[in-house]
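Here is a short, informal walk through one protein chain. Have a look at the structure first, then read on for the charges, the overall build and a few backbone oddities.

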Amino acid sequence: MSFEPVFSAQRPILVAGPCSAETEDQVMATARALQHGGVALFRAGIWKPRTRPNSFEGIGSAGLKWLQRVREETGLAVTTEVANAQHVEECLRHGIDVLWIGARTTANPFSVQEIADALRGVEVPILVKNPINPDLKLWIGTFERLHQAGIRRLGAIHRGFSSYGDSAYRNAPRWQIAIDLMQTFPNMEVLCDISHICGRRNTLAETAQKAYDLNYDGLMVEVHPEPDSAWSDAIQQITPAQFLAMVSSLVRRMPTTDDPDFLASIENCRSAIDEIDEEIIALIARRMQLVRDIGLIKKEKNVAVLQPERFRALREALLLRGQKNELSQEFIALLLEAIHQESISQQERVMNSTKAETLKTTTPPVQD
Ligand code: PEP
Ligand code: MN
């Protein structure tokens, strides 16, 4: 698939504006405050997908006129979220410059197809947020559906992934998924929506810096003249002044350099890392062998695979060890879960096979 850029603006590409368009004054005040701040695109949600009913669900079509006014009076290009064919048609009628597909919509192929069909024959750029669930294929599938409808100006917004329970983030970034998307579509512009990843103000700057360090093309940030009284996502929005200060404090690094000292030291570290990675795999393979041995013993005594007490103790000990070694709790928990899952399935295979020798690895069928 070939794509064309959505933005001609210089890097970093900044998309900013309120979570929701609330009143004409609020929209205009935000846009005026951002007008000379290097913003490439002004955002404001008109139709808002809310988790619970009885929350503010967006001002609706009336807000499109306010976005038109933003463009006329400030010269800023404007964007809003579309979730169905009717939204697309109304935006096109009002000359909205760029449309974005929200995370809940990307997760639903029926809605994505409806939007793609409404866009057939139209030349409007589309930004696609990742689906709420960590599924790269679903994200890619949305680009494919739009591409098949003839849309070429496509870009991505990484806004993190839902998870259950408290965490440092509102939506876990799972950076690797966005990195995999960048590798799948090397020419596509990818923005980081730090507001929906963080869900709070105090971690926005460090998350934005992380996105810059990972070579994102830019950021999407929710900006509101009075964040505390915003009608949606109040705790994650910042004022235009805070936004401009944050952006100017960020360090934009070069994608690479041909300085020989730099290249040599990177190369040294990389070969050491490669060796460590090989050792990690060898160690995990040894661990799995022991796990299978235990499986055989359990089988003999007819004991269950899962031993929750043992896992709990192991988890606690490793979280503590991780902490002592400056590894985040989140990382250790994920790592341990992956190892534990693999151990359980290896042990199940041993226990369900008639002979341990029949244990073979098979490639699972591809699912879609
Ligand atoms: C938004 O950008 O305000 C929004 C609703 O985003 P998401 O689809 O990422 O939840
Ligand atoms: Mn929001």
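## Where the charges sit

The protein chain carries 40 positive and 47 negative charges, and the mean positions of these two sets are 6 Å apart. Keep in mind while browsing that this is a predicted model.

Zooming in on the negative side, there's a surface patch of negative charge made up of Glu-267, Asp-274, Glu-275, Asp-277, Glu-278 and Glu-279. One of its members, Asp-274, belongs to helix α11, which covers residues 260-301. Is Asp-274 buried or exposed? Neither, quite: with a relative accessible area of 47%, Asp-274 is partly exposed, because the exposed class only begins over 50%. That value still clears the bar for joining a patch, because patch residues need over 30% relative accessible area.

## The overall build

Stepping back, the protein chain has 13 helices and eight strands. Its C-alpha trace spans about 75 × 50 × 40 Å along the principal axes. Of the 368 residues in the chain, 43% are buried.

How much of the contact set comes from residues 24 or more positions apart? If you take the contacts with a separation of 6 or more, such pairs account for 72%. As for the outside, the accessible surface of the chain adds up to about 20,300 Å², and carbon and sulfur atoms own 52% of that.

## A cis bond at the start

Now for the backbone. The peptide bond running from Arg-11 to Pro-12 is cis, and its omega is near -15 degrees. Pro-12 sits in the segment before β1, the strand at 13-17.

## Positive phi without glycine

Two loop residues are worth a click. Arg-174 isn't a glycine, yet its phi is positive, at about 45 degrees. You'll find Arg-174 in the loop that links β6 (154-158) to α7 (175-184). Its relative accessibility is 39%, so Arg-174 counts as partly exposed.

The other one is Asn-302, again not a glycine, with a positive phi of about 60 degrees. Where does Asn-302 lie? Look in the loop between α11 and α12 (308-324). This brings us back to α11, the helix that holds Asp-274 of the negative patch. Asn-302 has a relative accessibility of 70%, so this residue counts as exposed, the cut-off for that class being over 50%.

Key
Residues numbered from 1 in each chain as written. Chains lettered and ligands numbered in written order. Predicted model: local features only at pLDDT ≥ 70, side-chain atom pairs only at ≥ 80, totals over all residues. Heavy atoms only, no water. Patch = residues over 30% accessible without salt bridge, like charges linked within 9 Å, V, L, I, M, F, W, Y side chains within 5 Å. Areas by Shrake-Rupley, 256 points an atom, 1.4 Å probe, with all protein chains shown as cover. Salt bridge = Lys/Arg side-chain N within 4 Å of Asp/Glu carboxyl O. Lys, Arg positive; Asp, Glu negative; His and termini not counted. Charge placed at Lys NZ, Arg CZ, Asp CG, Glu CD. Helix = DSSP H or I, 4+ residues; strand = E, 2+ residues; numbered from the N terminus. Buried < 20%, exposed > 50% of the residue type's maximum accessible area, 1.4 Å probe, protein only. Contact = heavy atoms within 4.5 Å.
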